[in-house]
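Please explain how this structure is put together, beginning with its metal sites and moving outward to the strands, the domains and the contact between chains.

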2 protein chains.
Amino acid sequence: VTWISVAVAQTDPLPSWNDGPAKQAIVTFVTDVTREGSPDFVPSPERIATFDNDGTLWIEQPIYVQFAYALDRVKALAPQHPEWRDTQPFKAVLEGDMAALAAAGEKGAVEIVAATHAGMAPAQFIGMVQAWLATAKHPRFDRPYQELVYQPMLEVLAYLRANGFKTFIVSGGGIEFIRAFAERSYGIPPNQVVGSSIVTKFERRGGLPTLFRLPQVNFVDDGPGKPVGINQHIGLQPIAAFGNSDGDLEMLQWTTEAGGRRLGVVVHHTDAEREYAYDRQSRVGKLDKALDAAAVDRWTVVDMKRDWKTIFPVKP
Amino acid sequence: VTWISVAVAQTDPLPSWNDGPAKQAIVTFVTDVTREGSPDFVPSPERIATFDNDGTLWIEQPIYVQFAYALDRVKALAPQHPEWRDTQPFKAVLEGDMAALAAAGEKGAVEIVAATHAGMAPAQFIGMVQAWLATAKHPRFDRPYQELVYQPMLEVLAYLRANGFKTFIVSGGGIEFIRAFAERSYGIPPNQVVGSSIVTKFERRGGLPTLFRLPQVNFVDDGPGKPVGINQHIGLQPIAAFGNSDGDLEMLQWTTEAGGRRLGVVVHHTDAEREYAYDRQSRVGKLDKALDAAAVDRWTVVDMKRDWKTIFPVKP
Ligand SMILES: [Ca+2]
Ligand SMILES: [Ca+2]
């Protein structure tokens, strides 16, 4: 329990939310599915709620936090790789040439992940991420990334759990990257994190059983991969899903379109002053198809500027 | 809660276990890791226990239950596949020719799985397995397979959970096959089942979001795959692991060899009268290397005949 824990007022489970349709939709849904005798009642073991991470539970601009980690790792590893000074995409990273980095595209991103995320045990990787999180700061807010989680969403997580829900993260980000902070930041244990992964191999090394992360994609938990990841890890269809971009489209559809009382929520970043404002044209967290689908499927669209009293937890 | 639920006596958490080294090893371990102030104390969130399923939690002779399901499905589907009468391995199944079936080997088994386990949604598959489990009976004991779970192991599951452990199944069997009964039989929810899987695909069909099981192997959760599956699904190293065959060797090593107070348990089938007796020479549930390793790594070997007062739950 840290200073970002949620102190839920007894009278208001979502104190950082302004009154309005978004808050009301969440509270009404929870009331409907938890009230015994309600036609919408759902037994506790089936109260599964899934949350995207980047842009839904914490900040994702100007670049994904995991990408910031990878860039910092490239810089840290550069002395051992003199060849990177003349090799893309590493040259671009070392020179801070974001245009060249963007030009390296998907292939460049995969090479950076392979160079920075593989070649160690999962526990080592998690330790490295935690060490980085302890010191790295967001370029605009000058605060550690773990402080740039969304206070209103922390309240939703706590509110759902207090009402017999199991909360899961279902992210396009790396499963082990997220496990490095999910328990501390969100109260979500490692086995309730679903994410993308690279291949991990078991072998005996130096007489000891070890796992080793290989530079090879195992699973992409994004878009149509999210329902697949949910099925693989959770084995139940969620009754509530929270996302913020087109990568959450299929998860939201899978959650809400099967019938029964369901909740789909899209966090719409509308607050350039307190955070960022972006949607259909954004390179990071593009929200276009899922915004159109929200109207069709009657998902709740959270207008950050209007609906959230505060964005980030206040330091004590 | 069914008639196979465990009524744990307050004075004896493992009433179906005879006093002896196996029972004592389990009780001493649980006491050591749960006593505050003990040098071996482990906080509750890290009390992870993993259980193999076939031969560890329920019967696996004369053939794996999932294989019995596949054979019955081949017979049920045969009228729609007249070509199977002349095509191996299906011909062997339909004629009950176990020698020809064995000769079809791994390739034959994969074909049978593809023909019987793919081509439907996960929820449909689970429904089919549940319908089959409701009627199929074990050839020797003439009881539904779900009644052929091991009463002493049900007590271990309940005992561990009562002591703040999270219990997981980690099986070479199919993850969704096991999910069809794990909650009812073992009190283990779908998201705490780790197993082998085939590829599942998301697509919109008839305007609805659907998942569809494809005839293609996704992950083999056996042998060195078990630590990998544990890492992927659980994200923590277990402190206790229970298995019965060489397929559990790496899981037991991964659990116990890293240091700290750990428990490794091997269920040794020694009771031909009440169940089956088999180990080093068995085609199903071969226990050879893991039996040797048990001595080296000081795992607890359960002698079913000696250690278990009863094997299966008594019908009320
Ligand atoms: Ca997102
Ligand atoms: Ca087994």
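A donor is here an N, O or S atom within 2.8 Å of the metal, a limit that is widened to 3.2 Å for Na, K and Ca, and since water is not among the atoms, a site may look incomplete. With that in mind, and remembering that this is a predicted model, one can begin with the calcium ion (ligand 1), whose donors follow the spacing D-x1-D-x189-N along the chain. In chain A the protein donors are A:Asp52, which is listed twice through OD, A:Asp54 through its O atom and A:Asn244 through OD1, and they lie 2.2 to 3.2 Å from the ion. Because A:Asp52 belongs to the loop between β1 (48-51) and α2 (65-77) of chain A, while A:Asn244 belongs to the loop between β5 (240-243) and α10 (249-256) of chain A, the pair ties together parts that are 192 residues apart in sequence. Both A:Asp52 and A:Asn244 are buried.

Chain B has a site of its own, in which the calcium ion (ligand 2) is coordinated at 2.2 to 3.2 Å by B:Asp52 (OD, listed twice), B:Asp54 (O) and B:Asn244 (OD1). The donors of this ion follow the spacing D-x1-D-x189-N along the chain, and the pair B:Asp52 and B:Asn244 links distant parts of chain B, 192 residues apart, with B:Asp52 in the loop between β1 (48-51) and α2 (65-77) and B:Asn244 in the loop between β5 (240-243) and α10 (249-256). B:Asp52 counts as buried because its relative accessibility is 6%, under the cut-off of 20%, and B:Asn244 is buried too, with a relative accessible area of 2%.

The loop that holds B:Asn244 lies between β5 and α10 of chain B, and from there the path can be followed into the sheet, since β5(B), α10(B) and β6(B) make a right-handed β-α-β unit. Within this unit β5(B) and β6(B) pair in the parallel sense over four bridges, with B:Ala240 standing opposite B:Leu263 in β6(B). Strand β6 (residues 263-270) of chain B has seven of its eight residues buried, so it is largely enclosed by the rest of the structure. Four bridges also join β6(B) to strand β8 (residues 300-303) of chain B, again in parallel, and here B:Val265 has B:Thr300 as its bridge partner in β8(B). The pairing of β6(B) with strand β7 (residues 277-278) of chain B, by contrast, is antiparallel and rests on two bridges, where B:His269 stands opposite B:Tyr278; a hairpin connects β6(B) to β7(B) through six residues.

Turning to the domains, the assignment for chain A gives domain 1 (21-35 + 43-61 + 144-307) and domain 2 (65-135), whose centres, taken over C-alpha atoms, are separated by 25 Å. Their contact takes 20 residues from domain 1 of chain A and 18 residues from domain 2 of chain A. The area buried between these two domains is about 1700 Å², with 72% of it coming from carbon and sulfur atoms. On the side of domain 1 of chain A, the residues that lose the most area to domain 2 are A:Tyr145, A:Phe177 and A:Arg213, which together account for 39% of what that side buries.

The last step leads to a residue that touches both chains. A:Gln253 is found in helix α10 of chain A and counts as buried because its relative accessibility is 9%. Leaving aside residues up to four places away in sequence, A:Gln253 touches A:Asp297 and A:Trp299 in chain A, and B:Phe202, B:Arg204 and B:Pro209 in chain B.

How values were computed: Residues numbered from 1 in each chain as written. Chains lettered and ligands numbered in written order. Predicted model: local features only at pLDDT ≥ 70, side-chain atom pairs only at ≥ 80, totals over all residues. Heavy atoms only, no water. Buried < 20%, exposed > 50% of the residue type's maximum accessible area, 1.4 Å probe, protein only. Pairing = 2+ DSSP bridges. Right-handed = clockwise from strand over helix to strand, strands pointing away. Domains from an automatic or database assignment. Contact = heavy atoms within 4.5 Å. Buried area = accessible area lost by both parts, 1.4 Å probe.
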